[in-house]
Amino acid sequence: MAVDFDSLDTADLVVDEVYEGGQSTNLGAEPLRRLLSVKASGGIRYLGSASRPLLVVLTTTGRSADWPDHLDAETGVFTYYGDNRRPGRELHNTPIRGNEVLRHLFQAAASKEGRADFPPVLAFASTGVGRGQRFLGLAVPGVRGLPSSEELVAIWHSTGGERYQNYRGLFTILDAPILTRSWLNSVINGAVANTVEAPAAWRKWIKTGVPAPLVAPRTREVRTPKEQEPTTSAQREILNSLYGYFSGRPHHFEHFAAHLVQLYLPKASELEVTRPSRDGGRDAVGKYRLGTGLSGIEIDFAVEAKCYAPSKGVGVKQLSRLISRLRHRQFGILVTTSYLDRQAYAELKEDGHPIIVLSGRDIVELLFQTGVTGQGSIEEYIESILPATSPG
């Protein structure tokens, strides 16, 4: 369902609803300006000043190699990148001051006083059809259980051989499926957002600083091969470069796979690549910590690394090798530059084996999050990892 352009200024905001653009070819057809009175262009738009905005809109196309924004609908975590991508420019010195807005948001969210007059942050994604925008939800800075030092991080990217620094922010989409027009209008007109008209999840976050995420568990757990493959040409280039680099050097890939597991599971420890002749069917082993302090426990896991051509799937036979080597109370991680084929994935889920699958798409998305966004940068990244970890 979609809201037509002429009805935007009276419409509520509903999660996953599409808000259509106008028919003209100029910026007057931009829907977010009519919907929320923000500017007609820019990834980060806001009312008021950059240091004290009344309302902030984050927009994404989902197709930028430099800004790989991503919404994890299952957890409600929205990863969003700032607005600097020009080499030689200071992080906050951007034309529309979007990175300054992000810095303000995360600083204010850290204290009760800062949240008292916090601006609503509204996330949208381009539909790819005309100027249409899909509403992703009401966002707040931070993720429950994640240290504040990891919520807004300045990372380095490179383009054309030149480097630039940009923000990567982690937001939580709140469990607020509908934002009423009356509340939105009051905010647009300068009223404090924390009123009785505000969504309950928003008022709770303002009071406690603890977000209640809008979670949407998958109804179909078996991913098709297509769902495990890269979605953009830039991602496919990176994956092909990765396969080309490690093709014929499987043990080197095992070390790189262990590094990817560490990125995917930051709480993993004692991650060790096994010797080729004595691996017992496991390419790497490690421990994953649950809980904190003296009450925490550690669970063993095993890693199987398969450097396959992106078009060649991992089958039942290869998956069975990992399953058969898992010990009691262990879980497994399959890391592959390709995908797990349909039959193997179906059997994995039907039998309830505790195995995580990191496919080609998962790998490039992990690398994008670290700032690897191009074919040249992947080779530099591999070489920065391997000297300390490879067998020589």
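Two strands count as paired if DSSP finds at least two bridges between them. Keep that in mind for this tour of a predicted model.

**Stop one: a strand pair.** Select residues 284–290, which are strand β14, and then residues 297–306, strand β15. The two run antiparallel, and 7 bridges join them. For a single spot to zoom in on, pick Ala 284: Val 303 in β15 stands opposite.

**Stop two: the whole sheet.** Now widen the selection. In what order do the strands of this open sheet come? Go across and you'll read β13-β14-β15-β16-β17, 5 strands with mixed pairing. The edges are β13, at 268–273, and β17, at 355–358; each of them pairs on one side only. Look along the sheet and follow the twist, which averages 20° from one strand to the next. As a reminder, strands of a sheet pair through backbone hydrogen bonds, either parallel or antiparallel.

**Stop three: a helix on the sheet.** Add residues 360–369 to the view. This is helix α10, and it lies across β16 (331–336) and β17. Turn the model until you can compare directions: α10 runs at about 70° to β17.

**Stop four: a cavity.** Leave the sheet for now and select Lys 39, Ser 41, Ile 44, Arg 45, Tyr 46 and Ile 96, which line the largest cavity. How many cavities of 30 Å³ or more are there? The count comes to 1. The volume of the largest cavity is about 50 Å³. Color the lining by residue class and you'll get 3 nonpolar, 1 polar and 2 charged. Lys 39 and Arg 45 are the charged pair, while Ser 41 is the polar one.

Terms used. Residues numbered from 1 in each chain as written. Predicted model: local features only at pLDDT ≥ 70, side-chain atom pairs only at ≥ 80, totals over all residues. Heavy atoms only, no water. Helix = DSSP H or I, 4+ residues; strand = E, 2+ residues; numbered from the N terminus. Axes fitted to C-alpha atoms, helices over the stretch in contact; angles between N-to-C directions. Contact = heavy atoms within 4.5 Å. 1 Å grid on protein atoms, 1.4 Å probe; cavity = no way out; pocket = protein on both sides within 12 Å on 5 of 7 lines; lining within 4 Å. Points joined across faces, edges and corners; volume = space filled by probe spheres on them.
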